[in-house]
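Colleague: Walk me through this fold, please. Keep it brisk.

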Amino acid sequence: ARVGSLRLRQGQGAGWVKLLAIYPRTELLRDQFAEVYAEARRLDGLLQARGVAKIRIGALFGETPESATRLKRSDRDAWRSTAEGRVCGYMGCPRPGCDGELLWRNQDLDQGREHLTCARCGHGIPANELVLTRERLRADPPDILFTTTEMLNQRLSDTASRHLFGLRPGASRPPEMVLLDEVHTYSGNHGAQVGYLLRRWRHLVHAPITFVGLSATLQ
């Protein structure tokens, strides 16, 4: 099945990253993550009518925990600890009019169940909409993966997770599209380094990929 130009998987276990969203800074990634999640949910009814699974998104950057078990034992600032569980540091409740915090509740953590619950309105975000841990990212890649240029550079040589970026032997298919946000910031020495990184990655993927540059200030 296709929505726009991106093919969607036909059920669990058949997933690969179709769209790679790359950000120069984690602050920008956080800002856009919740918006893309909300837009993906607007397509749920259409996909269900066509017998296609929901669009899942995930993020791979410094705040992504390795697993539920590791998160329980850590003191990560990005997942602030409360009496009821851990607070997601890069996304709030997506319900209109609610600005509550999203909790990974202790009972869900104990069961290794990736499920977030709004502390204010009780709205839940299930595992078939959001991928929370690196462990699950590797096992069942999301349709849309948010990451940073730094993380892409680090993981190209990581045999455990390089398939997320379309690299063989682990990848079943390469991404079809790459979004580069704040593309006007890729100038000077930094821009040259990012350019070399993307060329190296594209050479390793060895497949046609559509690149889209996003900017609010570029003429």
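**Sheet, helices and cores**

Modeller: Helix α1 (residues 26-41) lies across β3, β4 (57-60), β10 and β11 (144-148), and runs at about 165° to β11. Helices (H or I, at least four residues) and strands (E, at least two) are DSSP runs, numbered from the N terminus. Angles run from 0 to 180 degrees between N-to-C directions, with axes fitted to C-alpha atoms, for helices over the stretch in contact. This is a predicted model: local features need pLDDT of at least 70, side-chain atom pairs count only at pLDDT 80 or more, and totals for chains, interfaces and linings use all residues. Residues are numbered from 1 along each chain as its sequence is written, and side-chain values use heavy atoms, without hydrogens and water.

Colleague: What is the strand order of the open sheet of six strands?

Modeller: Two strands pair if DSSP finds at least two bridges between them. In this sheet the pairing is parallel. The order is β10-β4-β11-β3-β12-β13.

Colleague: Which strands stand at the edges?

Modeller: An edge strand here has a single partner strand, so one side of each is left without a neighbour in the sheet. The two are β10 (130-131) and β13 (210-213).

Colleague: Which residue in β12 stands opposite Leu19?

Modeller: Strand β3 (residues 19-23) and strand β12 (residues 177-180) run parallel, joined by four bridges. Opposite Leu19 in β12 stands Met177.

Colleague: At what angle does helix α7 run to β13?

Modeller: Helix α7 covers residues 188-205. It lies across β3, β12 and β13. Its angle to β13 is about 160°.

Colleague: In β7, what is the bridge partner of Arg86?

Modeller: Strand β6 (residues 85-92) has six of its eight residues buried, meaning under 20% relative accessible area (1.4 Å probe, protein chains only). β6 pairs with strand β7 (residues 101-105) in the antiparallel sense, over four bridges. The partner of Arg86 in β7 is Trp104.

Colleague: Which element gives the most to the largest nonpolar core?

Modeller: A nonpolar core is a set of buried Ala, Val, Leu, Ile, Met, Phe, Trp, Tyr and Cys residues joined through side-chain atoms within 4.5 Å. The largest has 34 residues, and Trp79, Met91, Leu116 and Leu130 have the most contacts inside it. Elements giving two or more residues include β3, β6 and β11. With five residues, the top contributor is α1.

Colleague: How many residues does the second, separate core have?

Modeller: Ile22, Leu167, Tyr186 and Leu198 are among its members. The count for this second core is 22 residues.

Methods
Buried < 20%, exposed > 50% of the residue type's maximum accessible area, 1.4 Å probe, protein only. Contact = heavy atoms within 4.5 Å.
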